[in-house]
Amino acid sequence: MKPVTFLVALTTVAVVLSTVSASPYGGWQPIENIHNYRIQEIAKFAVVMHNLENNFKHPLRLVSIRRGLVQVVDGMNYKLDVMVAEGNSLDSRGSMYRTEVHVRRGAMELIFFTRIVKGLN
């Protein structure tokens with residue numbers, strides 16, 4: 001079992017590193033592939049945590065990620081600009097939010113989730 005676990009860990013590290021052009025400690029770097037599965041999971045986590053913090057009064061649904069930055073710290077910080085829609089609406093209008101998520105040893109923590117543009121087409 002240990003060799004499989006080790007290979008999975010290496011694959012995860014390789015995927016994260018391949019999404020970053022360069023990663024000096026402390027500096028924000030653009031994420032080259034915002035469509036990467038791991039980046040998508042981080043964005044989904046941010047939206048779910050925002051919904052939980054607001055007791056699902058006006059639940060948001062992730063539509064897309066517009067851009068992202070990563071910062072190597074004790075773990076990784078991900079700053080993502082995400083397009084969201086309210087509830088199950090199929091309306092093409094949505095709002096843009098900026099979120100930051102800290103990831104360390106597989107655990108994620110929502111740092112902030114703030115609307116930056118409302119009602120985009």
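This report walks through a predicted model of a protein chain, from its overall layout to a few of its side-chain pairings.

Let's start with the big picture. The chain is built from 2 helices and 5 strands, and if you follow the sequence from start to end you meet them in the order α-β-α-β-β-β-β. There are 121 residues, and 35% of them count as buried. What about the outside? The chain exposes about 7600 Å², with carbon and sulfur atoms supplying 58% of that area. As for how the chain folds back on itself, take the contacts between residues at least 6 apart in sequence: 48% of these join residues at least 24 apart.

Now for the charged side chains. Side chains of opposite charge can pair when their charged atoms come close. Searching the whole structure turns up 4 salt bridges, and the table shows some of them, including the distance between N and O atoms.

| Salt bridge | N to O distance |
|---|---|
| Arg67 and Asp81 | 2.9 Å |
| Asp74 and Arg104 | 3.2 Å |
| Asp81 and Arg98 | 2.7 Å |

Have a look at Asp81, which pairs with Arg67 and also with Arg98. Through shared partners, Arg67, Asp81 and Arg98 end up in one network. Where do these residues sit? Arg67 belongs to strand S2 (residues 60-73) and Asp81 to strand S3 (residues 75-86), with their positions 14 residues apart in sequence. Arg98 is in strand S4, 17 residues apart from Asp81.

Is Asp81 buried or exposed? Its relative accessible area is 7%, so Asp81 counts as buried, the cut-off being under 20%. Arg67, at 40% relative accessibility, is partly exposed, and Arg98 is partly exposed as well, with 27%.

The pair of Asp74 and Arg104 also links distant parts of the chain: Asp74 is in the loop between S2 and S3, while Arg104 is in strand S4, 30 residues apart. Arg104 counts as partly exposed, at 34% relative accessibility.

Finally, zoom in on His102, another residue of strand S4, which covers residues 94-104. His102 has a relative accessible area of 18%, and because buried means under 20%, His102 makes the cut. Which side chain does the side chain of His102 meet in a polar contact? That partner is Asn77, at 2.7 Å. Leaving aside residues up to four places away in sequence, His102 touches several others, among them Val73, Asp74, Gly75 and Met76, as well as Ala107, Met108 and Ile111. Asp74 thus turns up twice: it touches His102 and forms the salt bridge with Arg104.

Key:
Residues are numbered from 1 along each chain as its sequence is written. This is a predicted model: local features need pLDDT of at least 70, side-chain atom pairs count only at pLDDT 80 or more; totals for chains, interfaces and linings use all residues. Side-chain values use heavy atoms; hydrogens and water are left out. Helices (H or I, at least four residues) and strands (E, at least two) are DSSP runs, numbered from the N terminus. Buried means under 20% relative accessible area, exposed over 50%, partly exposed in between (1.4 Å probe, protein chains only). Contact means heavy atoms within 4.5 Å. Accessible areas come from the Shrake-Rupley method with a 1.4 Å probe; for residues, only the protein chains shown count as cover. A polar contact is a pair of N or O atoms within 3.5 Å; within protein, one must be able to donate a hydrogen and the other to accept it, and residues adjacent in sequence count only if both atoms are side-chain atoms. A salt bridge is a side-chain nitrogen of Lys or Arg within 4 Å of a carboxyl oxygen of Asp or Glu.
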